[in-house]
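Visitor: I would like to learn how to read a structure like this one. Where do we start?

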2 protein chains.
Amino acid sequence: MPPSDLHAHLGYWLRTVSNAVSHRFARRVEAEGVTVAEWVVLRMLYDVEGIAPSVLAARMGMTKGAISKLADRLLAKALVVRRPNPDDGRAHELVLEPAGRALVPRLAELADRNDAAFFAVLAQDERRQLKRILKKIVAERELSDVTTE
Amino acid sequence: MPPSDLHAHLGYWLRTVSNAVSHRFARRVEAEGVTVAEWVVLRMLYDVEGIAPSVLAARMGMTKGAISKLADRLLAKALVVRRPNPDDGRAHELVLEPAGRALVPRLAELADRNDAAFFAVLAQDERRQLKRILKKIVAERELSDVTTE
DNA sequence: TATTGTTATACTCTATAACTATA
DNA sequence: TATAGTTATAGAGTATAACAATA
C-alpha cells in the first residue's frame, strides 16, 4: 500500500485554509502597524483593567518569553504600559494606553471585514456548520482559549 | 457599538484548531528528525522523479529563499540530493535519496494516526462536512496547492 | 533583460533555560 | 523552594533584496 497522500488529512485542509485567512489578515493589520498576536493582546486588554503576562501566555498558548518580547514592542509603540502589581512585588500587569484603546475598534473593523470577505464563498448555512464543528473540537479537546500563530 | 470579540470570527476558530493539530503533528514528526515543511517536501518528491525548487516554492506557498534553506537541511540529513537540470543550466531538481524514500511511509503513518486521533471527537458525518467545506474554500479562493505553516 | 537559484539581512514566533527579584 | 517576569540562545519560518550564472 502506498503512503497516504497529503490531501488525505483533514489537518492538511485546515492548515491550508487557516494559513490563507490568517496571512490575509496579517497583511491588513500590518497597515495599522501591528501583528496578529499584538491585535489579540490589544483586544483582550480592551475589556479589562489589566492582564498579567503570565495570564496572557496561558490564554494565548505562547511562552512567557514570547509575551515579554511582544509586550516590549507594544510598549515601544506606546500602545500599552507595564504596571507593577501592588499586591505582589514579582507580578506586573499590562494596561492599554489611550492610543492602544483607540486602535482596537479600527482593528476589529478590519477583522470583521476580512472574515466576511474571505468566507463569502460559503453559504450562510455552511459558515454556521463550520463554526459549530470547529467550536466542538475546541470544546472537546479543551484547546487554549486564544491562539495567534 | 463595542468592537467585535475575537471569538466572532471564523478565522479565529480555524486558527485555533489548525494550530492545535499542526503543533501536535510537528511534535510527532520531530521524533523522526524532520519538520512539517520537510515532511511535505519529502512526500511530494515520493511520487515523481524530481522537482525544481521554484515549483516547490509555488506549490507550497513558500519563498525561494525558504525552500533553499529547507533543501539545505534535507541535504545535510542525506534525505535528498540536488541534481542539475541538463536542459537548463540555471535550473536544479531535488531528488529523494534512499533514506528519504524509506522515511516517507513512516511519516505518512504518523500523519494518518495523528489525523485520526485528533478528529476522533467528531462524528463521521461531521468530518465529511468539514472536509467538504474546507475543500470548497480552497477551490473557490484558488488557494495554493500545499501549505505548511 | 529575464529567470533560476543561492545568499544575506531583518523580523516574528518557538523552545529551552539561565537569571533576578519576590513570596 | 517556588513563582513572576526578563533575558539569552538557537532554530524555523516570513519577507525583501542583492547576487551569480544562464537563457
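**Protein and DNA, part by part**

Guide: Start with one atom pair: a polar side-chain atom of S54(B) lies 2.6 Å from a phosphate oxygen of DNA strand C. A polar contact is a pair of N or O atoms within 3.5 Å; within protein, one must be able to donate a hydrogen and the other to accept it, and residues adjacent in sequence count only if both atoms are side-chain atoms. Now some ground rules. This is a predicted model, where local features need pLDDT of at least 70, side-chain atom pairs count only at pLDDT 80 or more, and totals for chains, interfaces and linings use all residues. Residues are numbered from 1 along each chain as its sequence is written, chains are lettered from A and ligands numbered from 1 in the order in which they are written, and side-chain values use heavy atoms, with hydrogens and water left out.

Visitor: Which other residues reach a phosphate oxygen of DNA strand C?

Guide: H23(B) does, with a side-chain N or O atom 2.7 Å from a phosphate oxygen. T35(A) has a polar side-chain atom 3.3 Å from one.

Visitor: Which residues come nearest to DNA strand C?

Guide: A residue is near a strand if one of its heavy atoms lies within 4 Å of it. DNA strand C has 23 residues around it, and R73(A), H23(B), S54(B), S68(B) and R82(B) come nearest. Look at the DNA side too. Of the strand C atoms within 4 Å of the protein, 62% belong to sugar or phosphate, and the rest to bases.

Visitor: Which element gives the largest share of that surface?

Guide: Helices (H or I, at least four residues) are DSSP runs, numbered from the N terminus. α4(B) gives the largest share near strand C, with four residues. At least two residues each come from α4 (64–76) of chain A, and from α3 (53–60) and α4 (64–76) of chain B.

Visitor: How do the residues near strand C divide by class?

Guide: Ala, Val, Leu, Ile, Met, Phe, Trp, Tyr, Cys and Pro count as nonpolar, Asp, Glu, Lys and Arg as charged, and the others, Gly among them, as polar. The surface near strand C has six nonpolar, eight polar and nine charged residues.

Visitor: What surrounds DNA strand D?

Guide: Strand D is surrounded by 23 residues, the closest being S54(A), K64(A), S68(A), R82(A) and R73(B). Sugar and phosphate make up 63% of the strand D atoms that come within 4 Å of the protein. A base is reached as well: a side-chain N or O atom of K64(A) is 2.7 Å from a base nitrogen. R82(A) has a side-chain N or O atom 2.4 Å from a phosphate oxygen of strand D. The largest share of this surface, four residues, is from α4(A).

Visitor: How is the size of an interface given?

Guide: Often as the accessible area lost when the parts come together. Buried area is the accessible area (1.4 Å probe) that two parts lose on being put together, summed over both. Chains A and B bury about 5,900 Å² between them, 66% of it on carbon and sulfur atoms. L6(A), L10(A) and R15(A) supply 13% of the area that chain A buries against chain B, more than any other three residues.

Visitor: How many salt bridges are there between chain A and chain B?

Guide: A salt bridge is a side-chain nitrogen of Lys or Arg within 4 Å of a carboxyl oxygen of Asp or Glu. The count is four. K136(A) forms one with E126(B), with the closest N and O atoms 2.9 Å apart.
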